[in-house]
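Here is a short note to help you find your way around this structure. Keep the 3D view open and turn it as you read.

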Amino acid sequence: MDIIKNIVEIREHLPDDVKIVAVSKTHSPDTIMQLYNSGHKIFGENKVQELLEKYEAMPKDTEWHFIGHLQSNKVKYLVPFIKMIHGIDSFKILETVNKEAKKQNRIIPCLLQFHIAEESSKFGLTEEEAFDILDSEEYKSLKNVSVVGVMGMATLTGDKEKIRKEFRFLKRIFDNIKKEYFPRKKGFREISMGMSEDYQIAVEEGSTIVRIGSSIFGPR
Ligand SMILES: *Cc1c(COP(=O)(O)O)cnc(C)c1O
């Protein structure tokens, strides 16, 4: 598996302003270092313990994105260094990130995760739940988190039109939230959607961050 060739090829077919998060879960620091040394420094992990081990092993200017389901009791371990948390799916978790970030004097960029797929197993908010959070006084008092966009995962299916509709739905949610809550916030700009099998469709539908694992590192 020539992982450098893989990411170079993916990069060539993406607009310059689309960020690639290389999803390195299950892969060793040695493997990840190969990409780092080639100049790619943005990585994503979905398990806190695994991420902490890799954080320790890798150079400190590596950008780590947390892309998994986050439990409140583990937030404090990520807050010192995490670059972005993609999977905010409740007010409670946002509040916990804020509380820990305040202790450590940081402002953490966060994405609200939406349920856009058919499968019931995938985490995420509905649009109404997100509006309720963003309307609340409790949310408005949080000073150590910055909501910078949205994240979602499409249904695992070969039906490209279905995937496209789900990504289009997430883009519409992004546009609605932007208009309603963040019309003047330049930082509210991220749409994290698209994985190995569907990132091309995601980018056509407005993705700004793709999270790609197996197309870079090979099968897990
Ligand atoms: C594993 C994972 C990815 C990457 O999946 P690939 O199909 O290997 O590209 C992207 N996003 C999330 C949330 C993941 O857990």
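1. In which helix does Glu95 lie? Glu95 belongs to helix H5, which covers residues 91-103. Please keep in mind from the start that this is a predicted model. Glu95 has a relative accessible area of 39%, and because that value falls between the limits of 20% and 50%, Glu95 is classed as partly exposed. Ser72 is 23 residues away along the chain, and the C-alpha atoms of Glu95 and Ser72 are 9.3 Å apart.

2. Follow the chain to the loop between H5 and S5, where you will find Asn105. Asn105 is not a glycine, yet its phi is positive, at about 55°. With a relative accessibility of 70%, Asn105 counts as exposed. Thr26 makes a good companion to look up: it sits in the loop between S1 and H2. The phi of Thr26 is near 75°, again positive in a residue other than glycine, and at 55% relative accessibility Thr26 counts as exposed.

3. Now turn to the strands. Strand S6 (residues 145-152) has eight of its eight residues buried, so the rest of the structure largely encloses it. S6 pairs with strand S5 (residues 108-114) in the parallel sense, over seven bridges, and Phe114 stands opposite Gly152 of S6. S6 is also joined to strand S7 (residues 190-192), again in parallel, by three bridges. There, Val150 has Ile191 in S7 as its bridge partner.

4. Which way do the residues of strand S8 point? In S8 (residues 209-212), Ile209 and Arg211 point one way, while Val210 and Ile212 point the other way. All four are buried. S8 runs parallel to strand S1 (residues 19-23), and four bridges join the two. Ala22 is the residue that stands opposite Ile212 of S8.

5. Just ahead of that strand, have a look at Thr208, in the loop between helix H9 (199-204) and S8. Thr208 has a relative accessible area of 14%, which means that it is buried. Its side chain makes a polar contact of 2.6 Å with the side chain of Glu190. Leaving out residues up to four places away in sequence, Thr208 touches Asp17, Val18, Lys19, Arg189, Glu190 and Ile191.

6. Two helices deserve a visit as well. In H3 (residues 48-57), the buried residues include Val48, Leu51, Leu52, Lys54 and Tyr55. Among the elements that cover the buried residues of H3 are helix H2 (29-38), strand S2 (42-45), strand S3 (63-66) and helix H4 (75-78). In helix H8 (residues 160-181) you will find Arg164. Is Arg164 buried or exposed? Arg164 counts as buried, because its relative accessibility is 18% and the cut-off for buried is under 20%. Apart from neighbours within four places in sequence, Arg164 is in contact with Ile201, Glu204 and Glu205.

7. Finally, the largest pocket has a volume of about 500 Å³. It is lined by 24 residues, and those closest to its centre are Lys25, Ile67, Met153, Met195 and Arg211. You have already met Arg211 as one of the buried residues of S8. By class, the lining of the largest pocket is made up of nine nonpolar, nine polar and six charged residues.

Definitions and conventions: Residues are numbered from 1 along each chain as its sequence is written. This is a predicted model: local features need pLDDT of at least 70, side-chain atom pairs count only at pLDDT 80 or more; totals for chains, interfaces and linings use all residues. Side-chain values use heavy atoms; hydrogens and water are left out. On a 1 Å grid over the protein atoms alone, a cavity is a set of points where a 1.4 Å probe fits but cannot get out, and a pocket is an open set with protein on both sides within 12 Å along at least five of seven lines; lining residues have an atom within 4 Å of a point. Grid points are joined across faces, edges and corners, and a volume is the space filled by probe spheres set on the points. Ala, Val, Leu, Ile, Met, Phe, Trp, Tyr, Cys and Pro count as nonpolar, Asp, Glu, Lys and Arg as charged, and the others, Gly among them, as polar. Buried means under 20% relative accessible area, exposed over 50%, partly exposed in between (1.4 Å probe, protein chains only). Two strands pair if DSSP finds at least two bridges between them. A polar contact is a pair of N or O atoms within 3.5 Å; within protein, one must be able to donate a hydrogen and the other to accept it, and residues adjacent in sequence count only if both atoms are side-chain atoms. Contact means heavy atoms within 4.5 Å.
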